[in-house]
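Trainee: I am new to this structure and would be grateful for a close look at a single part of it, the largest pocket. Please place that part in its surroundings as well.

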Amino acid sequence: MKIYLIRHSATKGNLEKRYIGRTDESLCETGRELLRERIEAGAYPAAGRIFTSPMRRCIETAELLYPKQEPTVIEELAECDFGKFEYKNYEELKEEPEYQMWIDSGGTIRFPGGESRAAFSKRSLEGFSKALGMCRGDEDAVFVVHGGTIMSIMEKYAIPRGEYYDFQTGNGEGYELILADVPPACGRLCSGFNTGRPGLAVSSGKDDGAVDYAPGKNYKRLPA
């Protein structure tokens, strides 16, 4: 079972480098054209199940990529609540002391009036697990979600390990994963080697026939 994490395409706010969390913005024409070009190039996979965040930018992306399939909306996969920083960009925030405090923390403290990264990641991972529980073992699944949601999933599960911001993705980009049978003690997403111990989501790399979760890189960027 393959799993694909795809970030929604571009909105007007994305192009202006704004923090877009709870703002329910639609895709802009630039974002739609980006998807059309990549669809024509065959960049996106087929899938049996489509999961999305409840935000319009994700639902619209899913509708363009998979027009004949009805997505399942998972509320927990919504983007982070940026609080007072919502729909502002660096130029508009750079003189604010609260913003400087957030930067100095490495982005770990709570957004004023919003969520902390820890709370957001916990929610994202709960949504990811909830969606996986709806899947059969023989159907591939696509998650059309937000950059922060993808970073939360990859920070917890990717091998080699990385920090949250190591897994930033552009609009319409993401990662390919697989669901395989691996020892639960592994505790991470890792390349597929059938040990008869089902239940973990594991990422997909060049050498999926080998146990490479210790030294190997076992996820793949999209588009390839």
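**The largest pocket and its surroundings**

Mentor: The protein, seen here as a predicted model, has seven helices and seven strands. Followed along the sequence, these elements give the pattern β-α-α-β-α-β-α-α-α-β-α-β-β-β. The protein comprises 224 residues, of which 51% count as buried. Among contacts between residues at least 6 apart in sequence, 65% join residues at least 24 apart. The exposed surface amounts to about 10600 Å², with carbon and sulfur atoms supplying 51% of it.

We may now turn to the pocket itself. The largest pocket holds about 690 Å³ of space. Its lining is made up of 26 residues, and those nearest its centre are Arg7, Tyr19, Phe82, Met151 and Gln168. Three elements, α1 (12-15), α6 (117-132) and α7 (147-157), each give two or more residues to this lining. Of the elements, α7 gives the most, with three residues. By character, the lining divides into 11 nonpolar, nine polar and six charged residues.

The helices α6 and α7 also appear in the nonpolar interior. The largest nonpolar core has 33 residues, and Leu5, Phe128, Phe143 and Met154 have the most contacts inside it. The elements that give two or more residues to this core are β1, α5 (97-104), α6, β4, α7 and β5 (174-180). Apart from this core lies another, of 14 residues, which include Tyr44, Ile50, Val144 and Leu222. As a general background, nonpolar side chains in soluble globular proteins tend to be buried together.

Leucine 5 shows how parts of the chain meet in the larger structure. Setting aside neighbours within four places in sequence, leucine 5 is in contact with Phe128, Phe143, Ile150, Ile153, Met154, Glu173, Gly174, Tyr175 and Leu177.

Helix α3 offers a further view of the interior. Within α3 (residues 56-65), the buried residues are Arg57, Cys58, Glu60, Thr61, Ala62 and Leu65. These buried residues pack against β1 (2-7), α2 (29-40), β2 (49-52) and β4 (141-145).

A loop residue completes the picture. Asparagine 89 is found in the loop between β3 (72-73) and α4 (90-93). Asparagine 89 counts as buried because its relative accessible area is 13%, and the cut-off for buried is under 20%. Not counting residues up to four places away in sequence, asparagine 89 touches Glu16, Lys17 and Arg18.

Methods. Residues are numbered from 1 along each chain as its sequence is written. This is a predicted model: local features need pLDDT of at least 70, side-chain atom pairs count only at pLDDT 80 or more; totals for chains, interfaces and linings use all residues. Side-chain values use heavy atoms; hydrogens and water are left out. Helices (H or I, at least four residues) and strands (E, at least two) are DSSP runs, numbered from the N terminus. Buried means under 20% relative accessible area, exposed over 50%, partly exposed in between (1.4 Å probe, protein chains only). Contact means heavy atoms within 4.5 Å. On a 1 Å grid over the protein atoms alone, a cavity is a set of points where a 1.4 Å probe fits but cannot get out, and a pocket is an open set with protein on both sides within 12 Å along at least five of seven lines; lining residues have an atom within 4 Å of a point. Grid points are joined across faces, edges and corners, and a volume is the space filled by probe spheres set on the points. Ala, Val, Leu, Ile, Met, Phe, Trp, Tyr, Cys and Pro count as nonpolar, Asp, Glu, Lys and Arg as charged, and the others, Gly among them, as polar. Accessible areas come from the Shrake-Rupley method with a 1.4 Å probe; for residues, only the protein chains shown count as cover. A nonpolar core is a set of buried Ala, Val, Leu, Ile, Met, Phe, Trp, Tyr and Cys residues joined through side-chain atoms within 4.5 Å.
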